[in-house]
Structure formats: C-alpha cells, structure tokens
Amino acid sequence: MDRSEPKYALTGATGFIGRSVVKGLIARQSRVRVMVRSKYTVQGVETVSGDLADPDALSRLAEGSDIFIHLAGLTKAASLKALLKANAEGAANAARAARKAGAKRFILVSSLVARVAELSDYARSKRAGETAAEFEKGDMEFIIVRPPAIIGPGDKATEPMIKALKRGVLPVPAGVYRKNRLSFVHVEDMARYLIELARQPNPESLIEPCGGTHSVNWDELAAIAGEARGQTVRPIPLPVFLLKSLAQLNQSLLTPFGASSFVNPGKIRELLHPDWAGRTFIPEARTLRKALEEIFTAELDDI
Ligand SMILES: NC(=O)c1ccc[n+]([C@@H]2O[C@H](COP(=O)([O-])OP(=O)(O)OC[C@H]3O[C@@H](n4cnc5c(N)ncnc54)[C@H](OP(=O)(O)O)[C@@H]3O)[C@@H](O)[C@H]2O)c1
C-alpha cells in the first residue's frame, strides 16, 4: 500500500467500469474501500456490504476516505421509479455520506445522455442524480463525469454490437447513420481517467470525455471496425419504424414481468439523437480502431 496515495471509496466496483477502476487502483497500490451487494474478495481491497439505499453502509464506506468515486447505478430497469431510486436517490445518499465523512472530492459518474434528460427514463434518472447529488455536496469538490458509450471486453450492453462487427455487419438506424455522431471510450481509458481525475488539481466541474478518436457516425464506425478486423464491415440500415416497433413490443412483453431490456423505446430515442460526441479528450486514450482491435482479439467465452 502506498500511504502517500489518497484513500478511495468506490461504489459500483463489481460493474463493467468498476472492475477496471479497482484493477487500476490496485496497480497503483492505492488504498481502496468498496461497497458491494454480493460476495466479493479482491486482494488489497477493503469491503463494506450494502446497498445505495443503506445510509449506514455508505457511511462505513466513506469513513476516512479522501476521494469518493460514485459509479454504482442502473443502466436499465422496468420502471422510472426503480431508475430514480438507484440513480437519483442513490447518488444523493452517496454524496451525503461522503460529505458527512469529510471526503475532499466527490466524482459522480453520470452519463452523456443526461445532456438530454427528456429522451428516456434512464437519461432523466441520470440528470436527476446530478442535481440530487450536487445538492448534498457541501464543501466537497464536486465533479460530474458524463461518459459516452464505454466499450471493452465483457460488456453486456455493447456485446451484440461487437458480435455483429466481428461477423462483418453493423445494423444501423436508416436515414441518420451518416449524420449522428457518437464517441466511444475503451473501459481501461475511462477507468484510468477517473483515477487520475481524482488527483488532478482544479478539474472542471462537468466533464464530457471522449476517447482518442473524437467521434464517428455509424458509417465511419463500420469503416473503422473493418480496418480493425482486417475485413469490411457492412452497415445494414434498419428502418426507424421497425426499430421503434421492436422496442415497443419488447417493452410490452417484458414490463408485466418486471423485466427490462436495452431494446426499449427510450434507448431507441437515445439511438436516434444526433449528438453523442464528448467534448474533452482523455489524454493518451486509445483511438477507436485500437480499442476495437483489442476487443476483437480479447478471449471472450461467448463470442
Ligand atoms: N457502460 C457505459 O457505457 C456507461 C456509459 C455512460 C455512463 N455509465 C454509467 O457508469 C456507471 C457504471 O456503469 P457500468 O457499465 O459499469 O454498469 P454495470 O456493469 O451495470 O454496473 C453497475 C454497478 O452498480 C452497482 N449497483 C447497481 N445498483 C446498486 C445499488 N442499488 N446499490 C449498490 N450498488 C448498485 C452494481 O452492483 P451489483 O454487481 O451488485 O449489481 C454494479 O457494481 C453507471 O452509473 C452508468 O450509468 C456507463
């Protein structure tokens, strides 16, 4: 352990981004405590059991920490209520615990979709989380990070897209796929950025990061993926009415059972939005081509 390193408290350690953040902190020999909901043993990591709705667990997590990175959240759920509970109330609870424990800096991992809160329940819950957590900040340095799409091995959300790219096709929304812009960040670059941000002097209070490639449209994504796999990737335009109908059908079938899917009407509205480009380059982040090359060659059991 490096005693000169700040002490980190982290939520969401078991998630896609959180796993990389933990790895990065261990590699730096940082002191880190995480809050988890299930059995978790990682050497060198102190663990607190609990949930975002549990103020005592959050207090135990925050106690003695300098930096609080709040990553935990729901990316999909069957209802707005469930999203607000995790992403808004949960963020406020975390910020309150960090402030009471005397943390110096609070980093809230929101989402680029919070830019346009009215697009989806998820976007609304992430924006609400920003507002609710900021209300609790007190004297802490409070930083909101709004990541764009994060990609990397093992991610369930982007797995269908990666599988399609590996097969040489990319289903894209017809009409807008040469226009709409998106940024992508490799998960290890995102994790490194969050860790470095925790120590950066005078960071901005709202950061919308992008990777080594600023942004692409869907057509450019297919072309870059083709370069990364060494064989053409063909964009397959899907009519927007078909995407919307599928999402509606999915939602009608799943909601009565309290289940949810990434293919829902809100996600389709997000998909059709013209501008999901970040604004701040992550220093030394991988280009999109490099990120995809690494993902394509990663050993994934189920691809
Ligand atoms: N992945 C992306 O492309 C992306 C892009 C923009 C923003 N973000 C944001 O980044 C954060 C992390 O995303 P991710 O992709 O790593 O998500 P993820 O893989 O779904 O992980 C979510 C994490 O949050 C934890 N969590 C959820 N609800 C909780 C609760 N009530 N109490 C305690 N822990 C809870 C989960 O714990 P369990 O393991 O116990 O379920 C898990 O550790 C989220 O806030 C997300 O909105 C992600």
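1. Two residues are in contact here if their C-beta atoms, placed from the backbone, lie within 7 Å. By that rule Leu194 touches Val21, Ile69, Ile107 and Val145, leaving out residues up to four places away in sequence. Keep in mind as you read on that this is a predicted model.

2. Leu194 is worth following into the interior. The largest nonpolar core has 82 residues, and Leu194 is listed with Val21 and Ile69 as having the most contacts inside it. Helix α3 provides the largest share of this core, eight residues. Domain 1 (7–146) and domain 2 (152–183 + 215–276 + 287–303) both contribute residues, so the core lies between them.

3. Now the helix that carries Leu194. Helix α6 runs over residues 187–197 and is mostly covered, with nine of its 11 residues buried. The buried set is not just greasy side chains: Glu188, Asp189 and Arg192 are in it, among others, along with Val187, Met190, Ala191, Tyr193, Leu194 and Ile195. If you plan to look at one helix in the viewer, this is a fair pick.

4. On the domains: the assignment for the chain gives domain 1 as 7–146, and domain 2 in three pieces, 152–183, 215–276 and 287–303. Their centres, taken over C-alpha atoms, are 27 Å apart. Across the boundary, 13 residues of domain 1 are in contact with 15 residues of domain 2. On the domain 1 side, helix α4 (residues 121–135) supplies the largest share of the touching residues, three of them. That side of domain 1 breaks down into nine nonpolar, two polar and two charged residues.

5. Next, the ligand. Which residues come nearest to it? Thr14, Gly15, Ala72, Gly73 and Ile150 do, out of 25 residues around the ligand. Three elements each supply at least two residues of that shell: α1 (16–27), α3 (80–101) and β7 (149–151). Helix α1 gives the most, with three residues. By class, the shell holds 13 nonpolar, 10 polar and two charged residues. Helix α3 therefore turns up twice in this note: it supplies at least two residues to the ligand shell, and it gives eight residues to the largest nonpolar core, which lies between the two domains.

6. A smaller spot I'd flag is Ala62, found in helix α2 (residues 55–62). Buried or exposed? Ala62 has 25 other C-beta atoms within 10 Å, and 20 or more is what it takes to be buried, so Ala62 is buried. Leaving aside neighbours within four places in sequence, Ala62 is in contact with Ala9, Phe68, Ala97, Ala98, Ala101 and Ala103. There is also a C-alpha separation of 8.6 Å between Ala62 and Arg99, although they are 37 residues apart along the chain.

7. Finally, the overall picture. The chain has 10 helices and 15 strands. Its C-alpha trace spans about 50 × 40 × 35 Å along the principal axes. A compact globule of 303 residues would have a radius of gyration near 19 Å, and the chain has 19 Å, so the two agree. Of those 303 residues, 43% count as buried. Among contacts with a separation of 6 or more, 77% join residues 24 or more positions apart.

Note on methods
Residues are numbered from 1 along each chain as its sequence is written. This is a predicted model: local features need pLDDT of at least 70, side-chain atom pairs count only at pLDDT 80 or more; totals for chains, interfaces and linings use all residues. A residue is near a molecule or strand if its C-beta atom, placed from the backbone, lies within 6 Å of it. Helices (H or I, at least four residues) and strands (E, at least two) are DSSP runs, numbered from the N terminus. Ala, Val, Leu, Ile, Met, Phe, Trp, Tyr, Cys and Pro count as nonpolar, Asp, Glu, Lys and Arg as charged, and the others, Gly among them, as polar. A nonpolar core is a set of buried Ala, Val, Leu, Ile, Met, Phe, Trp, Tyr and Cys residues joined through C-beta atoms within 7 Å. A residue is buried if 20 or more other C-beta atoms lie within 10 Å of its own, exposed if 12 or fewer, and partly exposed in between; C-beta atoms are placed from the backbone. Domain bounds come from an automatic or database domain assignment. The radius of gyration is taken over C-alpha atoms; the globule rule is 2.2 Å times the number of residues to the power 0.38.
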